[in-house]
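Visitor: Please take a close look at the side-chain contacts in this structure, both those between charged groups and those that involve aromatic rings. I should like a connected account of the residues that take part and of how accessible they are.

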Amino acid sequence: MDDNRIVELYLLRDETAIKQTTEKFGSRLHSLAYGIVNDQQTAEECENDTYMEAWNTIPPHEPRSYLYAFLARITRHISLNCCRNRSRLKRSAFICELSSEIEQCIPAPDDVECRIDDMTLRKAINGFLSKLDEEKRNIFIRRYWYLDSIDDISNRFTLSESKVKTTLYRCRNQLREYLEKEGYVL
C-alpha cells in the first residue's frame, strides 16, 4: 500500500492504518530503535509507541510524501528518551561521544540566539548536506541521525573504517566552516 493511502487511513481513523504501517515500515523502525536502545524488547516498545504517536499526531499532520521520515523521527525521539529514562550508561556514553563530535560544528543549544534561529539553522544544515556528494551525505546521516557505529557504516557502504572516520572528520570541519560563513558563531 502506498504512503498516501496509509495516511488517508489515519485521517479516517481506520485502525488498519497501523497494521499497514507495521507491514510496510515495521522492520525498519524496529531496526532504527534497536540501533539506539540496543535491546530487542525496548526496541519493540519504541516501535509500538511510534504507532501510537503517529495515530495521535497525523491529524493535523499529513505526511503523505514523507511518511517514513515522519515515523523515523518519532521513533528516534522515543528511543533517545528511552535511553535517557533508563540510564543505559554504555549507550548513553556512545550518545555523549557522538554529541561531543558534532557539538564543535554547531552552535550551543543554550544560546538564546540559537533557539530563536532554530529553523534557520535547520535550513543551513540541510543546505550543507545538499552540497555533499551522496556517499558523504549518507555516511554523515547514518552516523549522526541513525547513530550507526563506524563499523556498521563501513560494512554498509563497503568502505574501510579509516575512510569513514576521515570522511566524518572532514564533513564536520566543512560543516563548521559552512555555518561560520552563514553567520553562526561557534
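Guide: A residue is called buried when its relative accessible area is under 20%, exposed when that area is over 50%, and partly exposed in between. The model is predicted.

With these terms, the charged contacts come first. Side chains of opposite charge can pair when their charged atoms come close. The structure contains seven salt bridges. One of them joins K19 to E23, with the closest N and O atoms 3.4 Å apart. Both residues belong to helix α2 (residues 16–37), where four residues, about one turn of the helix, separate them. E23 has a relative accessible area of 53%, so E23 counts as exposed.

A second setting involves R64 and E62, whose side chains meet in a salt bridge at 2.9 Å, N to O. R64 is partly exposed because its relative accessibility is 28%, and E62 is likewise partly exposed at 41%. These two residues also belong to a network of salt bridges that includes E8.

The salt bridge between R142 and D148 has its closest N and O atoms 2.7 Å apart. R142 has a relative accessible area of 17% and is therefore buried; D148, at 11%, is buried as well.

The aromatic contacts complete the account. There are six aromatic pairs. Among them, F25 and Y68 form a tilted pair, with 5.7 Å from centre to centre and 35° between the planes. This pair links distant parts of the chain, since F25 lies in helix α2 and Y68 in helix α4 (residues 67–86), 43 residues apart. Both F25 and Y68 are buried.

F128 and Y178 form another tilted pair, at 5.8 Å centre to centre and with 50° between the planes. F128 is part of helix α7 (residues 118–131) and Y178 of helix α10 (residues 161–181), so the pair ties together parts that are 50 residues apart in sequence. With a relative accessibility of 4%, F128 counts as buried, and Y178 is buried at 17%. F128 and Y178 join F140 and Y144 in one aromatic cluster.

Finally, charge and ring meet at two places described here. R28 lies over the face of Y68, 3.8 Å from the ring centre; Y68 is thus a partner of F25 and of R28. R76 lies over the face of W145, at 4.3 Å from the ring centre.

Technical notes
Residues numbered from 1 in each chain as written. Predicted model: local features only at pLDDT ≥ 70, side-chain atom pairs only at ≥ 80, totals over all residues. Heavy atoms only, no water. Salt bridge = Lys/Arg side-chain N within 4 Å of Asp/Glu carboxyl O. Helix = DSSP H or I, 4+ residues; strand = E, 2+ residues; numbered from the N terminus. Buried < 20%, exposed > 50% of the residue type's maximum accessible area, 1.4 Å probe, protein only. Phe/Tyr/Trp six-rings, centres within 6.5 Å; stacked < 30°, edge-to-face > 60°. Lys NZ or Arg CZ within 6 Å of the ring centre and 35° of its normal.
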